[in-house]
Amino acid sequence: GILDPDRKDRASLHEVSLYSIWNSPAGWFAQVEANWFSQDLRDDPRSGDEFTQVNAFAGYHFKQRRGDISVGLLNIGDQDYKLSPLNPYPEIARDRTFVLRYRVSF
């Protein structure tokens, strides 16, 4: 059972990311990315999850790439997921999410 001291829960999280970026000479850019995740729980084959999330961004690079400003939409397909906490993973948007990003480099 769950409280069995000899139980060794194991899980594998696989991730594949593909992206495409367009940059204009004037500084404008656009990016689309697709991220596929698949989790395999060895002790419970009924658990885990497999899903794809698509994100898109558009923005402007400042002179000499000293920074940029962009807007984006994460999880365009509004995919939720049920990953086990056995694997550490970055925070992935559970709902369709609007983002505004401003980055500066020195």
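1. A definition to start with: helices (H or I, at least four residues) and strands (E, at least two) are DSSP runs, numbered from the N terminus. By that rule, Ser-70 sits in strand 4, which covers residues 67–74.

2. A word on what you are looking at: this is a predicted model, in which local features need pLDDT of at least 70 and side-chain atom pairs count only at pLDDT 80 or more, while totals for chains, interfaces and linings use all residues. Residues are numbered from 1 along each chain as its sequence is written, and side-chain values use heavy atoms, with hydrogens and water left out.

3. Now the overall layout. The protein chain has 0 helices and 5 strands, giving the pattern β-β-β-β-β along the sequence. Of its 106 residues, 28% are buried, where buried means under 20% relative accessible area, exposed over 50%, and partly exposed in between (1.4 Å probe, protein chains only). Among contacts (heavy atoms within 4.5 Å) with a separation of 6 or more, 50% join residues 24 or more positions apart.

4. Back to Ser-70. This residue counts as buried because its relative accessibility is 3%. Leaving aside neighbours within four places in sequence, Ser-70 is in contact with Phe-29, Ala-58, Gly-59, Val-99, Leu-100 and Arg-101.

5. Phe-62 is worth a look too. You will find Phe-62 in the loop between strand 3 (50–61) and strand 4, and it is partly exposed, with a relative accessible area of 30%. Beyond neighbours within four places in sequence, its contacts are Gly-67, Asp-68, Ile-69, Tyr-102 and Arg-103. Phe-62 and Val-104 lie 42 residues apart in sequence, with a C-alpha to C-alpha distance of 9.0 Å.

6. On to the surface. The protein chain exposes about 7,800 Å², and carbon and sulfur atoms supply 55% of that area; accessible areas come from the Shrake-Rupley method with a 1.4 Å probe, and for residues only the protein chains shown count as cover.

7. There is also a nonpolar surface patch of about 1,100 Å², whose members include Val-32, Val-54, Ile-69, Leu-100, Val-104 and Phe-106. Patches are made of residues with over 30% relative accessible area and no salt bridge, with like charges joined within 9 Å and nonpolar side chains (Val, Leu, Ile, Met, Phe, Trp, Tyr) within 5 Å. A salt bridge is a side-chain nitrogen of Lys or Arg within 4 Å of a carboxyl oxygen of Asp or Glu.

8. Which strand gives the largest share of the nonpolar patch? Strand 5 does, with 4 residues. Strand 4 and strand 5 (97–104) each supply at least two. Patch member Phe-106 lies in the segment after strand 5 and counts as exposed at 93% relative accessibility.
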